[in-house]
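Colleague: I am new to this structure and would like a close look at a single part of it. Could you take one strand and walk me through its surroundings step by step?

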Amino acid sequence: MRIQAEMAGIVQEVLVQEGQAVEAGQDVVILESMKMQIPVASPAGGTVRAVRVQPGDFVNQGDVLIELDP
C-alpha cells in the first residue's frame, strides 16, 4: 500500500521509520502547505516498507510518501 500526498507541500517531519508497525489513522508525515501544518495519516495498519521522503522535500499531490506492507 502506498500513502500519497493529498496536496503539494513541504515535508516538515517524518514520524515513522522503515520496519515500524503503524495503525490505521496514525499520522506518518507532517506536510506544510500554505503556512499550515497538515498531518498525513495511514489509511490502514501495516509495517513501513519504505520511507520515500525526508524533511525539507517538496512533494506534489499524488507523490508517494510511505510504502506499507499489510
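**A close look at strand β4**

Modeller: A good place to begin is S33, which is found in strand β4, the run of residues 27-33, and it should be said at once that the model is predicted. S33 has a relative accessibility of 10%, and because buried means under 20%, S33 counts as buried. A polar atom of the side chain of S33 lies 3.0 Å from the backbone oxygen of A8, and A8 also appears among the residues that S33 touches, which are M7, A8, G9 and I38 when residues up to four places away in sequence are not counted.

Turning to the sheet, β4 belongs to an open sheet of four strands in the order β5-β4-β2-β7, with antiparallel pairing. At its edges stand β5 (36-41) and β7 (58-59), each with a single partner strand, so one side of each is left without a neighbour in the sheet. Between β4 and strand β2 (residues 9-14), the antiparallel pairing runs over four bridges, and E32 in β4 is the bridge partner of I10.

The strand also contributes to the largest nonpolar core, which has 15 residues, and of these V28, V29, L31, V59, L65 and I66 touch the most other members. The elements that give two or more residues to this core are β4 and β8 (64-69). In soluble globular proteins, nonpolar side chains tend to be buried together. I66, leaving aside its neighbours within four places in sequence, is in contact with M1, R2, I3, V16, V28, V29, V48, A50 and V51.

Notes
Residues numbered from 1 in each chain as written. Predicted model: local features only at pLDDT ≥ 70, side-chain atom pairs only at ≥ 80, totals over all residues. Heavy atoms only, no water. Buried < 20%, exposed > 50% of the residue type's maximum accessible area, 1.4 Å probe, protein only. Polar contact = N/O pair within 3.5 Å; in protein donor to acceptor, adjacent residues only side chain to side chain. Contact = heavy atoms within 4.5 Å. Core = buried A, V, L, I, M, F, W, Y, C linked by side-chain atoms within 4.5 Å. Pairing = 2+ DSSP bridges.
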